[in-house]
Amino acid sequence: MRSTARVTAVLGPTNTGKTHYAIERMLAHRTGVIGLPLRLLAREVYDRIVAQRGPGVVALVTGEERIVPDRTQYWVCTVEAMPLEIGADFIAIDEIQLCADAERGHVFTDRLLRARGLHETLFLGADTMRPAIAALVPGVQFMARPRLSELTYSGSKKISRMPERSAIVGFSVENVYAIAELIRRTKGGCAVVMGALSPRTRNAQVDLYQNGDVDYLVATDAIGMGLNLDIKHVAFSSTVKFDGRRMRALFPQELAQIAGRAGRHMTSGTFGVTGEARPLSDEIVEAIEEHRFQPVRKLSWRNEQLEFGTVSRLIGSLERHTDDEWLSRARDADDVTALKTLSNLPEITDRVRNPQDVRLLWDVCRIPDFRGISTTEHASLLQIIFDHLRKGQIPADWLALQIKFIDRTEGDIDTLSKRLAFIRTWTYVAQRKNWVADESHWRETTRAVEDRLSDALHARLTQRFVDRRTSVLMRRLKQKESLVAEVNDKGEVTVEGEFVGKLEGFRFRQDASSSPDEARTLRMAAVQALKPEFHLRSDKFYNAPDTELDFTEQGGLMWGSSAVGKLVAGADPLRPTVEAFVDEDAGPDIAEKVKRRLQHFIDRKVATLFEPLLAMSRDEALTGLARGFAFQLVEALGVLPRENVADEVKALDQEARGQLRKHGIRFGQYTIFQQALLKPAPTRLRLVLWSLANGLQEFPESPPPGLVTIPNLADVPKQHYTLAGYRPAGSRAIRIDMLERLADLLRGQDSRGGFEASPDMLSITGMTLDQFADLMAGLGYKGEKGERVKAKAAAPKELTAEDIAAAAAAAAAEAKIKVPDAPADAPAEAEADKAEAAPEAEATVDAAADAPAAEMESFITFTWAPRPRADRRPPRRDNRAAATPGATAEAGAPQNAPRGDRPARQGKPDGQARNKDRGPKPEGGFKGKGKSGKPHGKPAQSGPQKYESRPARPEKKIDPDNPFAALAALKGKI
């Protein structure tokens, strides 16, 4: 230290501006270091200096946090983390009276004895340190700082009568929580400040109090160290505390340190007791008010000249005593206790072989016991860390696993507090140089975890002990200030930052978790704050495009994801009306505006999707039966089962049908429909409009688009399927346009003699053969199942015995044909040939018998077999046998089956196909005229048709003595 360096002790009670003075002096120098007793206070001072000089020149170094810019000039640290070897121009130590503390006093005493700035050194603290500093620091100068405000004792008060801006002090977590819960019930809430909180949580809780959201603060003695709060009264709920070893009464200077938080700057403050705490004695009250206390006689001290030769020598140097009358050897702190515990483990003593191992072991033992579980648990963790460091560095995967167990934000206050304590261990480890591979990564990771846990703990504390929402809103309402409402993209409404409910379209849904008293306050605040929001939202809604609006399958009207109204049945199914969902608080003008916009939307939607149907209803060219039939189609919303209007269809002539076809009407065999209205969008709207017109409570929903068939449910009315564009048939319902395509294929089949399903039929329906059979049964066809040899595709292969036998038979037959005149000896030669060929033929027959069985396949033959009807008509005559080849009657169609549109010829549209929509075949046979004007076929016969059966072909007998005959018969079977 330079001989010109000045050492000053700035002593005085609380609220004298000592810390502020030290900051000013440090900033007057080029470089400086200030040591503070708490990490919380270090963060507060760091923020103040950064606000003045910027973050690029200010460093923050604590046990669990390290922010060191490249151009650092000023260091803000905890006393333990102060860098003494950098040669700073200025050094300051705050709360120097902690030299007498049993746990940490030896660190402050070491700084008092050894920490010096090149130009200036300041010691800040209570006046009780004057004799000790004068004796231990040669050449020190003293500066007295009087208290800026008056502090008086107000006696004992009940918590229910505690004045606003009060701090209630407890000395255990349980005591603090109990008091906070009581204040919440009686005063509406409080902030909680404890030494175990992280700086982030502490600052968030302090902000609750400083911002006026709550008027009460419950804290431990942590508020006695430099926290500058707007406190008017301090009340002690207890005057005893556990100091780590025993319960003891607080010393008068300790009470004064805490009570001094009342009355900041020039504002006077009071202090007293509450709850079960006994009133303070007159002597203690006088000492606190007059700031007169017994001076400190002994400072806690520990030898800093450590020996690292062996573990035992290190422990001996730590236990060394001093002869100085002002110093007293400190009791074993956590680091010494951990060192002694580990030194008794054989696993450790075997691995510590040199001074470097001893120094590493000591560095590991200095990891604070943040968890506070037990000495054994802490020592076990330190042993694992030491083993990793002896091998190099702490493995990244192991460290990541430890952090992963902690990085969870669920749980109550106690759980989150424990996790915060646990993460502080790994934050400390990450700050040590060369302990982990990627120091910056792990520092950021542990800091991020601590921040998340801190935020979660702050939220739990606020949720449990603060009715913040009600307090904020009530304060604004009392002050008659205009409230600001915000609505996020999820519809959540916050008033002055407080969640009050959700705005669904134009209806406000109040938060249901509030109590009855809170509910009244929330409603008052929401109504006042949402008035401008309703006007802005209605303007936005009125100008929104139709693409942002939609209707649901149950008749609701949506704006995005918000319900804004519903459809109501009108006088006409195609002219529904609307009902808007708007709160009464929004006003009648807003409601009318929303309703008008919704009506415009649904009118345009109906006009767009049902344009072909509406155009047909307005077509004045339709007259007579065609106009009446069009009216029926409009009433049915574009889909009519043919069986319901069979007589009307029969009465329509070709001209009337042609007029209707111009509007896209298709006369199907089973359904009459408008093709454009079978698309998904019109179908969905048709079901809604029909349900509204018929007063249904629950509307049928349209099937998913693209499905050819859907299940046929017994409890679903058939009309619902028709409106959805399907016709039930068997266990499935098939789309009506696909059914008509299938009907076109069926008309080309022989439904009397039987036919099999073609690949086109299965492709149209998308069914397997068995499913198709069930569908056909629903349409009136009978299916008979059979089996046959499966035909195999021709492919090159070796000749089998059957092939050889067939070839031999063919060759023999050909040879016989080519020789007209046999010679005289032919009978003899023939007999010889028979004798030679007989063994070959027998071998061929045996081979055919031994061949494997042929692969079989199933097939179904369909024939028309309609179900009998109650009003069954007389059977019609079958003129199919008498019809001429040029007749236009539909081949293969059942006599009693309804007939629809016939397949159009290639190159002609459906509307131009000849002989369309002939309907049911007239009884007695089809009569029509061809191009020549002559009737097709023969006139109907009066009697029943007679059919002559052709006699069966007689089975040929095979001569067993003639092998050529056997080969020929075998060839025929093959």
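Biologist: What makes β23 and β24 count as a pair of strands?
Modeller: The cut-off is at least two bridges. In this predicted model, β23 and strand β24 (residues 556-559) share three bridges, in the antiparallel sense. They therefore pair. One bridge joins L549 to its partner in β24, W559.

Biologist: Which sheet holds them, and why are β23 and β26 called edge strands?
Modeller: The sheet is open, with four strands in the order β23-β24-β25-β26 and antiparallel pairing. β23 (549-551) and β26 (577-580) each have a single partner strand, so one side of each is left without a neighbour in the sheet. Neighbouring strands are turned by 30° against each other on average, direction ignored.

Biologist: Which helices lie across strands of this sheet?
Modeller: Helix α19 (residues 588-609) lies across β23, β24, β25 and β26, at about 145° to β26. Helix α24 (residues 680-693) lies across β23 and β25, at about 60° to β23.

Biologist: How do you know that β27 and β29 pair?
Modeller: By the rule of at least two bridges. β27 and strand β29 (residues 671-674) have three, antiparallel, so the pairing holds. P641 stands opposite T671 in β29. The open sheet runs β27-β29-β28. β27 (639-641) and β28 (665-667) are at its edges, each with a single partner strand.

Biologist: Why is helix α3 called mostly covered?
Modeller: Buried means under 20% relative accessible area. Eight of the ten residues of α3 (105-114) are buried. Among them are F108, D110 and R111. The buried residues of α3 pack against β6, β7, α4, β17 and β18.

Biologist: What makes R6 and E120 a salt bridge?
Modeller: The nitrogen must come within 4 Å of the carboxyl oxygen. Here the closest N and O atoms are 3.2 Å apart, so the pair qualifies. R6 lies in β1 and E120 in β7, so the bridge ties together parts 114 residues apart in sequence.

Biologist: Are these two residues buried or partly exposed, and how do you know?
Modeller: One of each. E120, at 1% relative accessibility, is under 20% and so counts as buried. R6, at 34%, falls between 20% and 50%, so R6 is partly exposed.

Biologist: How do you know that E450 and R39 form a salt bridge?
Modeller: The N to O distance is 2.6 Å, and the limit is 4 Å. So they do. E450 sits in helix α16 and R39 in helix α2, 411 residues apart. E450 is at 3% relative accessibility, so E450 counts as buried. R39 is at 12%, so R39 counts as buried too. Both belong to a salt-bridge network that includes R43, D47 and R447.

Biologist: Why are E80 and R104 called partly exposed?
Modeller: The band lies between 20% and 50%. E80 has 37%, so E80 fits. R104 has 27%, so R104 fits as well. Their closest N and O atoms are 2.9 Å apart, in a salt bridge.

Biologist: Why does R147 have no salt bridge?
Modeller: R147 is buried, and its nearest side chain of opposite charge, E150, is 8.8 Å away. The limit is 4 Å, so the pair fails.

Biologist: What polar contact does the R147 side chain make with T14?
Modeller: A side-chain to side-chain one, at 3.0 Å. The cut-off is 3.5 Å, so this pair passes on distance. The backbone oxygen of G260 also lies 3.4 Å from a polar atom of the R147 side chain.

How values were computed
Residues are numbered from 1 along each chain as its sequence is written. This is a predicted model: local features need pLDDT of at least 70, side-chain atom pairs count only at pLDDT 80 or more; totals for chains, interfaces and linings use all residues. Side-chain values use heavy atoms; hydrogens and water are left out. Helices (H or I, at least four residues) and strands (E, at least two) are DSSP runs, numbered from the N terminus. Buried means under 20% relative accessible area, exposed over 50%, partly exposed in between (1.4 Å probe, protein chains only). Lys and Arg count as positive and Asp and Glu as negative; His and the chain ends are not counted. A polar contact is a pair of N or O atoms within 3.5 Å; within protein, one must be able to donate a hydrogen and the other to accept it, and residues adjacent in sequence count only if both atoms are side-chain atoms. Axes are lines fitted to C-alpha atoms, for helices over the stretch in contact, and angles run from 0 to 180 degrees between N-to-C directions. Contact means heavy atoms within 4.5 Å.
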